[in-house]
Amino acid sequence: MASSLYFILPALGGYTLTSLYLLKNPQILHKKKRAAFHCTHISHRGGSGERIESTMEAFTHAVEQGTGMLELDCHLTRDGHVVVSHDENLLRQTGHDVTISSLNLEDLPLYKDRLEVTFNAGRYSTGTDRKFTLLEEVFRKFPKMPVNIEIKEDNSLLMEKASNMVKQYDREDLTVWATVDSTIMEKCRRTNSTMPYSFSMRRGLQLLLLYYSGLLPFVPLGESFLQFYLPRIINRTYIPEERLLKNRMVIYLIEKLTMRKSLFKHLANRGIQVHLFVCNEDPDIEAAFEAGATGVMTDYPTLLTDYLHRHRSQD
């Protein structure tokens, strides 16, 4: 046993030192990703705190405020149109208990005139535009604006139609696949492998395991974006439905395990952008950047723009 330790301990020490060195210097093993864009300002659902979420008015307002990326979700109508909407069931957004997939485009109801902001409980947004918009309309109006498309449902036709539009408007380098589901992400990538993509939930857990085991510096990563909750917003501005997330100790552990500055710096050095969401107050925006985020996602594009302008002037 003693003789085995004689060899094992130096090997472990050498592995640890090598891993730590490569964590800080990933360019030794990995070529840095060169994205077509780098964004610090991302508008969640188009900035759902300042206009009705995911409407053309919201997207236009966010762009006017200087956002660097529009985040949105897509679903397919019964007659085959790719509609921008966070939910498939429209009860929360419209008051009508119907699904997008059960309706033709012309039959979609209007948004409510006041809509609660999901990540700012008790606050509501309003706007003059209450119509659902099409993904193609967003691409047509903002041809040079990066767009993050989250696919929530395992629908091959939806993925194919979204991909075809991305190709049609020549924006494969400006449009990001996003989903929490690894199976859906694999299908998105098979549908269009040239688009950059983000970590799914399972891949995010694998990333943490690689980081804590010391293996991360040795492993190639295909993803170009890591998008994750800023844990401190949970049970404060964002009230989760999951009972487990209502436990303060659970949130404390999630924060300690995930908000690792050395991890985020390593990813940034490999050209992987780190976006933390949804930050709707100045202290949360500050906490996200201090944790090592390269970008922040918000429901309030004007708030984030003002924050960035103030801190640039201070710098």
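Here a trainee and a mentor talk through a predicted model of one protein chain.

Trainee: Let's start with the records. Which residues does the UniProt "transmembrane region" annotation cover?
Mentor: This comes from an unreviewed UniProt entry, so we treat it as an annotation that may be inferred rather than shown by experiment. In the model, the span 209-230 is 23% helix and 23% strand, and its end C-alpha atoms are 19 Å apart. The annotation itself covers residues 6-23 and 209-230.

Trainee: And where does UniProt place the feature "domain: GP-PDE"?
Mentor: Look at a span that is 35% helix and 16% strand in the model. Its end C-alpha atoms lie 12 Å apart. The unreviewed entry places this feature at residues 39-308.

Trainee: Is leucine 29 buried, partly exposed or exposed?
Mentor: Find Leu29 in the loop between α1 (2-24) and β1 (41-44). Leu29 helps make a nonpolar surface patch of about 480 Å², together with Tyr21, Ile28, Leu215 and Phe218. Its relative accessible area is 48%, so leucine 29 is partly exposed.

Trainee: Now threonine 298. Which backbone oxygen does its side chain reach?
Mentor: Threonine 298 sits in strand β11 (residues 295-298), and at 0% relative accessibility it is buried. Beyond its neighbours within four places in sequence, its contacts include Ile42, Val278, Asn280 and Leu304. At a distance of 2.7 Å, the side chain reaches the backbone oxygen of cysteine 279.

Trainee: Which two residues does a cis peptide bond join?
Mentor: Most peptide bonds are trans, so a cis one is worth a look. Here omega is about -15°. One partner, valine 278, lies in the loop between β10 (273-277) and α10 (282-291). The bond joins phenylalanine 277 and valine 278.

Trainee: What is the phi of aspartate 170?
Mentor: Most residues other than glycine have a negative phi. Aspartate 170 is in the loop between α5 (156-168) and β8 (175-178), and it counts as exposed at 64% relative accessibility. Its phi is positive, near 50°.

Trainee: What about the phi of asparagine 235?
Mentor: Asparagine 235 lies in the loop between β9 (225-229) and α8 (248-258). With a relative accessible area of 32%, asparagine 235 is partly exposed. Its phi is also a positive value, near 70°.

Trainee: How many Å apart in space are leucine 105 and histidine 81, C-alpha to C-alpha?
Mentor: Leucine 105 is in the loop between α3 (91-94) and β4 (115-116). Among the residues it touches are Thr77, His81 and Leu134. Leucine 105 and histidine 81 are 24 residues apart in sequence, while in space their C-alpha atoms are separated by 6.7 Å.

Trainee: With which side chains does glutamine 227 make polar contacts?
Mentor: Glutamine 227 lies in strand β9, and its relative accessible area of 16% makes it buried. The residues it touches include Ala178, Ser198 and Met297. One polar contact, of 3.3 Å, is with histidine 275, and another, of 3.0 Å, is with asparagine 148.

Trainee: Let's move to charges. How many salt bridges are there?
Mentor: Side chains of opposite charge can pair when their charged atoms come close. The cut-off used is a Lys or Arg side-chain nitrogen within 4 Å of a carboxyl oxygen of Asp or Glu. One network links Arg45, Glu53, Asp87 and Arg92. By this rule, the count is 14.

Trainee: Which residues form salt bridges with lysine 152?
Mentor: Lysine 152 is partly exposed, at 34% relative accessible area. In one pair, with aspartate 73, the closest N and O atoms are 2.5 Å apart. That pair links strand β2 (residues 69-76) to the loop between β7 (147-151) and α5, 79 residues apart. In another pair the closest N and O atoms are 3.5 Å apart, and the partner is glutamate 150.

Trainee: Last one: which residue forms a salt bridge with arginine 236?
Mentor: The closest N and O atoms of this salt bridge, between arginine 236 and aspartate 284, are 2.5 Å apart. Arginine 236 is in the loop between β9 and α8 and its partner is in helix α10, so the pair ties together parts 48 residues apart in sequence. Arginine 236 is partly exposed, at 38%, whereas the buried partner, at 0%, is aspartate 284.

Notes. Residues numbered from 1 in each chain as written. Predicted model: local features only at pLDDT ≥ 70, side-chain atom pairs only at ≥ 80, totals over all residues. Heavy atoms only, no water. Helix = DSSP H or I, 4+ residues; strand = E, 2+ residues; numbered from the N terminus. Patch = residues over 30% accessible without salt bridge, like charges linked within 9 Å, V, L, I, M, F, W, Y side chains within 5 Å. Areas by Shrake-Rupley, 256 points an atom, 1.4 Å probe, with all protein chains shown as cover. Buried < 20%, exposed > 50% of the residue type's maximum accessible area, 1.4 Å probe, protein only. Polar contact = N/O pair within 3.5 Å; in protein donor to acceptor, adjacent residues only side chain to side chain. Contact = heavy atoms within 4.5 Å.
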